[in-house]
Amino acid sequence: MSFNDNQSYWELRYRKEGGKRTVGWKGIDDDSYDKIISEFSSIVRPFVGTPKRILDFGCGIGRWRPSLELFGDYYACDLIEQEGFERFDVVRNGVIPFDGISFDLIWTCVTLQHIVDDRLLRSLACQLSRR
């Protein structure tokens, strides 16, 4: 599956789901999902300290945004255009946006396993590890 095929698939799935979360813990109700997210920062902070810039790679509708913003400046990217983000861009043709910006913390949740092209996955990993 090419990058553009993958992007088309997620755009269709996003529209079908009505903009709600299209992946993740589908069997968990929204209240439980929100509780997990709210506890996130207290669990993770001892391991990551206080990063200055955070990238939410594969942000979807931004479920993790409230917890990630507690760590610093929040940036987000996804295959699907999203609204309501101050620093958001779309991953186009396998290129991660925000060229020239390095991140102290990169968060990705239920994202990488959906990239079925090994070369694309390696390319994205190299881009995410830039300094």
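Buried here means under 20% relative accessible area. Keep that cut-off at hand for this tour of a predicted model.

**Stop 1: the sheet**

Select the strands. They form an open sheet of 4, in the order β3-β2-β1-β4, with parallel pairing. β3 (88-90) and β4 (105-107) stand at the edges. Each has a single partner strand, so one side of each lacks a neighbour in the sheet. Ignoring direction, neighbouring strands are turned by 20° against each other on average. As background, strands of a sheet pair through backbone hydrogen bonds.

**Stop 2: strand β2**

Now select residues 73-78, which make up β2. On one side, β2 pairs with β1 in the parallel sense over 5 bridges. Show L55, which stands opposite Y75 in β2. Then turn to β3, which is joined to β2 by 3 bridges and also runs parallel to it. Two residue pairs are worth labelling there. C77 has D89 of β3 as its bridge partner. D78 has V90 of β3.

How many of the 6 residues of β2 are buried? The count is 5, so β2 is largely enclosed by the rest of the structure.

**Stop 3: around Y75**

Stay on β2 and centre on Y75. Y75 is buried, with a relative accessible area of 12%. Add R87 to the selection. The charged end of R87 sits over the ring of Y75, 4.9 Å from its centre.

Next, add F98. F98 is at 14% relative accessibility, which is under the 20% cut-off, so F98 counts as buried. The ring centres of Y75 and F98 are 5.2 Å apart. Their planes stand at 80°, so the pair is edge-to-face. Where do the two residues lie? Y75 is in strand β2, and F98 is in the loop between β3 and β4. The pair therefore ties together parts that are 23 residues apart in sequence.

**Stop 4: more aromatic rings**

Show every Phe, Tyr and Trp side chain. A search of the whole structure finds 6 aromatic pairs. Go to W64 and W107. Their ring centres are 5.0 Å apart and their planes are at 55°, so this pair is tilted. W64 lies in the loop between β1 (53-57) and α3 (65-69). W107 belongs to strand β4. The pair thus ties together parts 43 residues apart in sequence.

Are these two tryptophans buried or exposed? W64 counts as buried at 8% relative accessibility. W107, at 19%, counts as buried too.

Then select Y74, F85 and F88. Ring pairs link these residues into a cluster.

**Stop 5: the cores**

Keep W64 on screen and add F40 and L68. Of the 17 residues in the largest nonpolar core, these three touch the most other members. Which elements give two or more residues to this core? They are α2 (30-48), β2, β3 and β4. Colour α2 separately, since α2 gives the most, with 4 residues. In general, nonpolar side chains of soluble globular proteins tend to be buried together.

Now centre on L68 and list the contacts. Leaving out residues up to four places away in sequence, L68 touches F40, I54, D56, Y74, L105 and W107.

Last selection: F103, I115, L120 and L128. These are among the 14 residues of another core, which lies apart from the largest one.

Methods. Residues are numbered from 1 along each chain as its sequence is written. This is a predicted model: local features need pLDDT of at least 70, side-chain atom pairs count only at pLDDT 80 or more; totals for chains, interfaces and linings use all residues. Side-chain values use heavy atoms; hydrogens and water are left out. Two strands pair if DSSP finds at least two bridges between them. Axes are lines fitted to C-alpha atoms, for helices over the stretch in contact, and angles run from 0 to 180 degrees between N-to-C directions. A nonpolar core is a set of buried Ala, Val, Leu, Ile, Met, Phe, Trp, Tyr and Cys residues joined through side-chain atoms within 4.5 Å. Buried means under 20% relative accessible area, exposed over 50%, partly exposed in between (1.4 Å probe, protein chains only). Contact means heavy atoms within 4.5 Å. Rings of Phe, Tyr and Trp (its six-membered ring) pair if their centres lie within 6.5 Å; planes under 30 degrees apart count as stacked, over 60 as edge-to-face and the rest as tilted. A charge sits over a ring if NZ of Lys or CZ of Arg is within 6 Å of the ring centre and within 35 degrees of the ring normal.
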